[in-house]
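Here's a set of short exercises to work through with the model open in your viewer. Try each task before you read the solution below it.

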Amino acid sequence: MADNGDEEYRIQQGDYVVLKRGDIFKAVQIVPKKKIIFEKQWFFLDNAVGNLYSTTFEISSGGILQPQKLKETGNPSDLKEAGTDNRNIVDDGKSQKLTRDDIETLKEQGLKGQEIIQQLIENSSTFRDKTEYAQDKYIKKKKKKYENTVTILKPSCRILAMMYHGREPGKICHLRYDTLAQMLTLANIHAHSKVLVFETCAGLVLGSIMERMGGKLCRILHFRVSFNSLRMIVVWFPPRAGYGSVIQMYPGGGPVRAGVESFGFPAHFHDTLHEFPICHVNALLAGELDTTAKDPTAEEKLNLAADEEQIQPEAEQQGSPEEQNMETNAAQDQEKIEKEKRREAKAQERKVKLEEKRKKLAAAAALLEGRNADGLVIASRFHPCPVLMTLLKFLAPSRPFVVYSQYKETLIECYTKLKEQGGTVNLRLSDTWLRHYQVLPNRTHPVLLMSGGGGYLLSGTTVAMDQSKPAASQRSEEPAPKRQKVKDTEG
Amino acid sequence: MSFVEYSDCIQDGDVAIVYLSHNSVMPVKVQQGAQTQTRYGVIRHSTDLIGQPYGSKVTCSKGGWVYVLHPTPELWTVALPHRTQILYTTDIATITMMLELKPGSIVCESGTGSGSLSHAILRTIAPTGHLHTVEFHQQRAEKVQEEFAEHRVDHLVTVRNQDVCKDGFGVTGVADAIFLDIPSPWEAVGHAKAAMKRQAGGRLCSFSPCIEQVQRTCQALVDQGFEEINTLEVLLRIHDVRTVSLPLPDFGPDCRSDGVEETSPNYAAVSLKTTTPPREIPGHTGYLTFATKPRT
């Protein structure tokens with residue numbers, strides 16, 4: 001049954017999706033008649049609407065997407081003719097008879113990827129001498145080059161993390177996806193918690209955290225009333241739904257969240273998202289942040305002054321014609337009235353915006369003041385030490401925190417400062433080593449290229465701060481400097 | 001207290017984690033009138049634990065102290081009593097992300113084992129998801145069910161004592177994600193496919209220590225039409241922060257061409273804050289194979 005509550009699995013207009021071909025991903029939005037470039041091909045996404053997610057499409061001429069009919073089974077090399085080794089194969093670059101132009105012609109004739117590959121095989125003088133495995137490899141390589149398919153996926157943390165790491169690692173401080181995975185788990189991100197985030201990873205970390213928090217959680221229950229097939233939909237909020245929150249601490253003028261858009265969260269997810277500018281953190285910690293509504297007249301005066309400055313140049317332009325044209329006085333009076341109206345409208349708009357901003361700030365401050373956040377995640381281009389030492393103050397005791405840094409030294413500094421200050425246990429500086437494998441019969445081995453590094457993490461748990469000086473630590477967590485012993489004793 | 005939701009103070013009936021030192025944590029079932037022995041002395045639950053905030057420092061009878069922490073799946077993984085070899089946080093974190101787990105996910109798992117991964121899954125899918133976990137060993141199945149109840153997560157999980165390779169997961173067409181950690185995962189791939197939701201996008205993960213198991217599993221996945229089949233391994237590297245002192249060599253007084261002698265440096269060593277790797281690290285836990293289910 002097509003429409004069986006399937007809507008959430010179908011591509012809709014306006015959805016944020018991820019295009020995929022092989023290992024290449026790209027995040028885009030489904031916008032009618034918009035030309036998309038992906039992997040050197042142009043196409044339109046209009047035809048995708050209504051199809052299920054994870055459908056693979058073929059890009060036919062004109063950039064129209066067609067859902068792929070059958071799974072393309074059957075290797076073109078059903079010839080079964082193959083060699084045993086490459087001792088007689090000479091790589092002189094002349095074994096392919098088709099030229100670049102020939103192939104272009106084939107493409108223009110509208111030949112599908114599979115058919116082009118078949119042509120290449122038939123016109124290769126060495127293909128049948130290759131071993132079966134070499135033939136497989138050759139076909140895979142040509143498929144990668146000539147098959148013009150694209151799969152449309154529903155965005156997820158996994159897909160977006162891999163995409164950013166592959167396409168724009170600089171934007172995410174070179175955070176590798178498995179490191180992000182570690183962060184989300186070590187910080188115990190889960191629904192109903194209050195998490196503080198400080199990141200400059202284009203919103204990828206923030207979005208991933210939001211995904212794991214689940215937004216305003218509700219379960220949608222469907223009931224079917226049999227006598228007249230009425231479908232009743234009940235939305236049930238489990239107790240304490242919506243109590244979870246994510247507070248983004250941001251440097252500068254405003255929070256950067258472009259990456260969050262790519263997750264395609266439903267609107268209610270944003271109800272649990274707050275932001276707070278770090279320039280007010282010290283004031284908040286000192287109890288001196290004033291988020292009450294300011295004197296409205298004073299603000300208005302400021303705004304009016306700003307408005308007048310804006311209008312000045314306009315007035316100067318119209319100065320001379322105004323002087324010359326006495327006959328159009330009435331028209332000019334009308335203009336003046338309209339200008340006045342617009343100015344007032346603008347001032348009103350600004351008032352409303354400022355009030356909203358103030359309310360948001362007050363809401364975020366209220367969440368922070370209690371200093372009872374459940375988790376802290378830091379991943380930014382800023383030196384993590386001051387960020388960590390300051391934001392830790394907002395955490396309740398017995399709660400986890402995770403700091404990411406591209407560079408180990410900064411985390412060594414954090415570790416040292418935390419040890420001096422006390423109030424944390426279970427400190428661990430780590431990184432992960434990630435290796436992919438090719439698994440094929442008789443051809444299983446690790447993949448040739450490996451990621452050189454994915455960044456470092458410092459994780460720990462807060463505890464009640466010791467009231468007495470933590471200087472005399474009962475037991476040092478740092479292992480004693482090694483002495484030249486023959487045998488180490490295991491704990 | 002629950003493993004899926006924080007609370008502020010320790011209460012009778014909670015399971016708390018006592019942190020003794022960097023490599024030493026132990027679980028404690030908090031009970032009015034009970035006592036727990038540690039190497040630093042006795043902890044008296046009624047006075048030292050009940051009513052205290054989580055994260056408090058507790059001084060034991062011998063004078064030594066410990067911290068009492070709110071349980072998390074990560075702490076549980078290092079504190080739990082092993083009935084089988086378990087999965088550690090590094091693999092668990094990778095699995096959680098690659099299976100796209102989140103609140104509301106329906107997950108099937110086999111074998112349950114000691115419940116290390118199970119607790120992590122429950123934390124991630126709470127409060128609207130569900131875990132169907134299958135364990136063929138009766139005592140282990142019973143023990144883990146007890147623990148889920150004690151940890152106040154039993155409403156989120158169904159434990160079935162059966163053989164997943166013969167009888168499947170006990171549900172069909174509902175799972176968003178499947179996890180297999182069994183000796184012959186290729187025998188369960190068909191059942192996994194049946195348990196998964198019909199729409200495409202369901203994720204599967206198989207964990208196997210041996211490469212031969214991985215090869216057979218990948219073949220089964222290909223045969224069953226799975227896509228995006230990917231095998232990887234993740235290893236944790238710990239960096240121990242240390243201050244080291246390196247002595248400076250003495251090459252004798254520095255004689256310059258104009259005949260002026262410089263006195264040798266008066267410091268004999270340089271102090272350095274750096275990290276060193278542990279002597280031995282886990283070099284292998286298992287291979288993780290992931291795949292996506294197409295539409296059926």
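**Exercise 1. A pair of cysteines**

Is A:Cys385 buried or exposed? And how far is the sulfur of A:Cys385 from the closest cysteine sulfur?

*Solution.* Keep in mind throughout that this is a predicted model.

Step 1: look at accessibility. A:Cys385 has a relative accessible area of 2%, so call it buried. A:Cys414 is buried too, at 0% relative accessibility.

Step 2: find the partner. Starting from A:Cys385, the closest cysteine sulfur belongs to A:Cys414, 3.9 Å away. Starting from A:Cys414, the search leads back to A:Cys385.

Step 3: apply the cut-off. A disulfide needs the two sulfur atoms within 2.5 Å. At 3.9 Å, the sulfurs of A:Cys385 and A:Cys414 are too far apart for a bond.

Step 4: check the total. Over all chains, the count is 0 disulfides.

**Exercise 2. Where chain A meets chain B**

Describe the interface of chain A and chain B, going from its overall extent down to a single pair of residues.

*Solution.* Step 1: count the residues. On chain A, 71 residues are in contact with 71 residues of chain B.

Step 2: get the area. About 6,400 Å² is buried between chain A and chain B, and carbon and sulfur atoms give 56% of that.

Step 3: list the charged and polar pairings. There are 4 salt bridges between chain A and chain B. The interface also holds 20 residue pairs in polar contact, with both residues at pLDDT 80 or more.

Step 4: ask which elements take part. On the side of chain A that touches chain B, the elements giving two or more residues are α4 (157-167), α5 (177-186), α6 (204-213), α12 (408-421), β15 (424-438) and β17 (456-462). The largest share is from β15(A), with 13 residues.

Step 5: sort by class. This side of chain A has 31 nonpolar, 19 polar and 21 charged residues.

Step 6: zoom in on one pair. A:Asp431 makes a salt bridge with B:Arg237, and their closest N and O atoms are 3.1 Å apart. For something bigger than a pair, look at A:Arg158, B:Glu100 and B:Glu228, which are linked in a network of salt bridges.

**Exercise 3. Salt bridges within chain A**

How many salt bridges are there over all chains? Pick out some within chain A and say how exposed the partners are.

*Solution.* Step 1: take the total, which is 22 salt bridges over all chains.

Step 2: start with A:Arg128 and A:Glu81, whose side chains meet at 3.5 Å, N to O. A:Arg128 sits in the loop between α2 (113-122) and α3 of chain A, while A:Glu81 sits in the loop between β6 (64-67) and α1 (100-108), so the pair ties together parts that are 47 residues apart in sequence. A:Arg128 is partly exposed at 49% relative accessibility, and A:Glu81 is partly exposed at 41%.

Step 3: move to A:Asp85 and A:Arg87, a salt bridge with its closest N and O atoms 2.8 Å apart. A:Asp85 is partly exposed at 30%, whereas A:Arg87 is exposed, with a relative accessible area of 67%.

Step 4: finish with A:Glu168 and A:Lys171, where the closest N and O atoms of the salt bridge are 3.2 Å apart. A:Glu168 is partly exposed at 32%, and A:Lys171 is partly exposed at 47%.

**Exercise 4. Placing residues and a helix**

Which elements hold A:Asp136 and A:Thr149, and how many residues of helix α4 of chain B are buried?

*Solution.* Step 1: A:Asp136 belongs to helix α3 (residues 132-146) of chain A. At 26% relative accessibility, A:Asp136 is partly exposed. Now jump to A:Val387: A:Asp136 and A:Val387 are 251 residues apart in sequence and 52 Å apart in space, C-alpha to C-alpha.

Step 2: A:Thr149 is in strand β7 (residues 149-153) of chain A. A:Thr149 is buried, with a relative accessible area of 12%. Leaving out residues up to four places away in sequence, A:Thr149 touches A:Arg21, A:Thr56, A:Phe57, A:Glu58 and A:Gln68.

Step 3: go over to chain B. Helix α4 (residues 116-125) of chain B is mostly covered, with 10 of its 10 residues buried. Among the buried residues of α4(B) are B:His119, B:Arg123 and B:Thr124.

Terms used:
Residues are numbered from 1 along each chain as its sequence is written. Chains are lettered from A and ligands numbered from 1 in the order in which they are written. This is a predicted model: local features need pLDDT of at least 70, side-chain atom pairs count only at pLDDT 80 or more; totals for chains, interfaces and linings use all residues. Side-chain values use heavy atoms; hydrogens and water are left out. Buried means under 20% relative accessible area, exposed over 50%, partly exposed in between (1.4 Å probe, protein chains only). Contact means heavy atoms within 4.5 Å. Buried area is the accessible area (1.4 Å probe) that two parts lose on being put together, summed over both. A polar contact is a pair of N or O atoms within 3.5 Å; within protein, one must be able to donate a hydrogen and the other to accept it, and residues adjacent in sequence count only if both atoms are side-chain atoms. Helices (H or I, at least four residues) and strands (E, at least two) are DSSP runs, numbered from the N terminus. Ala, Val, Leu, Ile, Met, Phe, Trp, Tyr, Cys and Pro count as nonpolar, Asp, Glu, Lys and Arg as charged, and the others, Gly among them, as polar.
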